[in-house]
Amino acid sequence: MHLLLAAGTTETALIDGISAAGASPELMAHTPSADVEILEYGEPVLAPVTPVSPTGCPTPAAVTRAVRAVVDVDLSVIDAGLARPTGAPTVGLGVEPGTDLRESEAVPDAAAVYERARSFGSSLPAEEVVVGETVPGGTTTALGVLTALGEPASVSSSLPENPIDRKQRVVEAGLEASGLEPGDCAGEPLSAIRAVGDPVQPTVAGLAAGVLDAGGSVILGGGTQMVAVAAVLRHAGVDDPISIATTSFVAGEQGRRLEDACERLECDLVVTDPGFEAGGHVAMDRYCAGEAKEGVAMGGVLSLVPDGKMAAVRERFVAVCDRLGID
Ligand code: AAM
């Protein structure tokens, strides 16, 4: 199995109270760079911090790293607009960080990014891939794109209390700054991303479309951000089978809305519970309390864990947390 992880940034994450994918807004710029180092090496190398929420919940990258110790998963990281250096090897597709979605254009070159990612995806050996993301603020830009496309828009959050009203106000401001009404971008998904999305979205959608073009199959590893990517693909006319694999934390929070979205977009939905309530570790307790929930392909790779191996994943997760100094 091959994991394609798109790592990027959007200035949308700097909006007060919108994200917990980092201990502070300044540190959030490092989160994707550190996440991919944790996937590659088990700890940050060039990045100055381990991504934790303001209350100390470790990044889902730690879970994905733990799964990689149990299940064979090749990794390619695609630079989808990193704002800070990373010591992990990355594929460069010339993707720039995204601007605050309240600007008139959040991702000016969304269409070109999609095409470059699609071309890269189609050049890979045809196989089953998991495509994942790390982009703080990504659930807000997911709300933006779903709204611009006129899709029912329900998104999750890295915070235990989803600041959904705040996100809706941000998206309203973004649509207004772009001269758009909800639904105006139906059938034009790259215009939706250009106006109110983030650079990881056209990268993930393009990679998925390319892999499908080449005869491979795609698991979108993530929660509501991947619902937005699936909507982008469907509005772009991609009609191949797609599945979304997420965690029980997102599924539990979203309930029927997630199932309805997947039905509407004709995506299979796979939900995996890592059994963290049995863990007895502070990091697992935080996930059970609704922090972080998903990200960095956590749900995607958890779906690959064979029956009977989840206890081994939890053990490895504790070891990863120890190495990251989380106890
Ligand atoms: C990625 N790295 C993370 C993290 N994510 N490190 C710590 N906590 C997380 N939750 P929001 O829109 O609330 O910012 O949530 C989306 C982000 O949370 C994404 O970056 C996702 O990969 C996850």
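Look at strand β6 and you'll see its side chains split two ways: I242, I244 and T246 point to one side, while S243, A245 and T247 point to the other, and all of them are buried. That split fits a general pattern, since side chains in a regular strand alternate between the two faces of the sheet. Keep in mind that this is a predicted model.

How many of the residues of strand β6 are buried? The count is 6 of the 6 in residues 242-247, so the strand is largely enclosed by the rest of the structure. A245 is a good one to click on. This alanine sits in strand β6, and its relative accessibility is 1%; it counts as buried because the cut-off is under 20%. Its C-alpha atom is 8.9 Å from that of V130, although the two residues are 115 apart along the chain.

Now for the neighbours of β6. Strand β5, residues 217-221, pairs with β6 in the parallel sense, and I219 stands opposite S243 of β6. β5 is mostly covered as well, with 4 of its 5 residues buried. Strand β5 also has a parallel partner in β4, residues 128-134. There, V129 stands opposite V218 of β5. The two pairings look like this:

| Strand pair | Sense | Bridges |
|---|---|---|
| β5 and β6 | parallel | 3 bridges |
| β4 and β5 | parallel | 4 bridges |

Next, a loop with some backbone angles to check. Most residues other than glycine have a negative phi. Which way does the phi of A292 go? The angle is positive, near 60°, in a residue that isn't glycine. You'll find A292 in the loop between α12 (282-288) and α13 (298-302). K293 has a positive phi too, near 75°, and lies in the loop between α12 and α13.

Are A292 and K293 buried or exposed? A292 has a relative accessibility of 14%, so it counts as buried. K293 is buried as well, with a relative accessible area of 3%. For a lysine in a loop, that's a value to look at in the viewer.

Over on the surface, there's a patch of negative charge where E172, E176, E181, D184 and E188 gather. One of these, D184, lies in the loop between α6 (164-177) and α7 (189-196). Its relative accessible area is 41%, so D184 is partly exposed: that value falls between the 20% and 50% cut-offs.

The surface also has a nonpolar patch, made by Y41, V45 and L46 and covering about 280 Å². Y41 belongs to helix α2, residues 31-41. Why can Y41 take part in a surface patch? Patch residues need over 30% relative accessible area, and Y41 has 32%, which makes it partly exposed.

To go back to where we started, colour β6 by burial and each of its 6 residues should come up buried. Then add β5, which pairs with β6 over 3 bridges, and β4, which pairs with β5 over 4 bridges.

Conventions. Residues numbered from 1 in each chain as written. Predicted model: local features only at pLDDT ≥ 70, side-chain atom pairs only at ≥ 80, totals over all residues. Heavy atoms only, no water. Patch = residues over 30% accessible without salt bridge, like charges linked within 9 Å, V, L, I, M, F, W, Y side chains within 5 Å. Areas by Shrake-Rupley, 256 points an atom, 1.4 Å probe, with all protein chains shown as cover. Salt bridge = Lys/Arg side-chain N within 4 Å of Asp/Glu carboxyl O. Lys, Arg positive; Asp, Glu negative; His and termini not counted. Charge placed at Lys NZ, Arg CZ, Asp CG, Glu CD. Buried < 20%, exposed > 50% of the residue type's maximum accessible area, 1.4 Å probe, protein only. Pairing = 2+ DSSP bridges.
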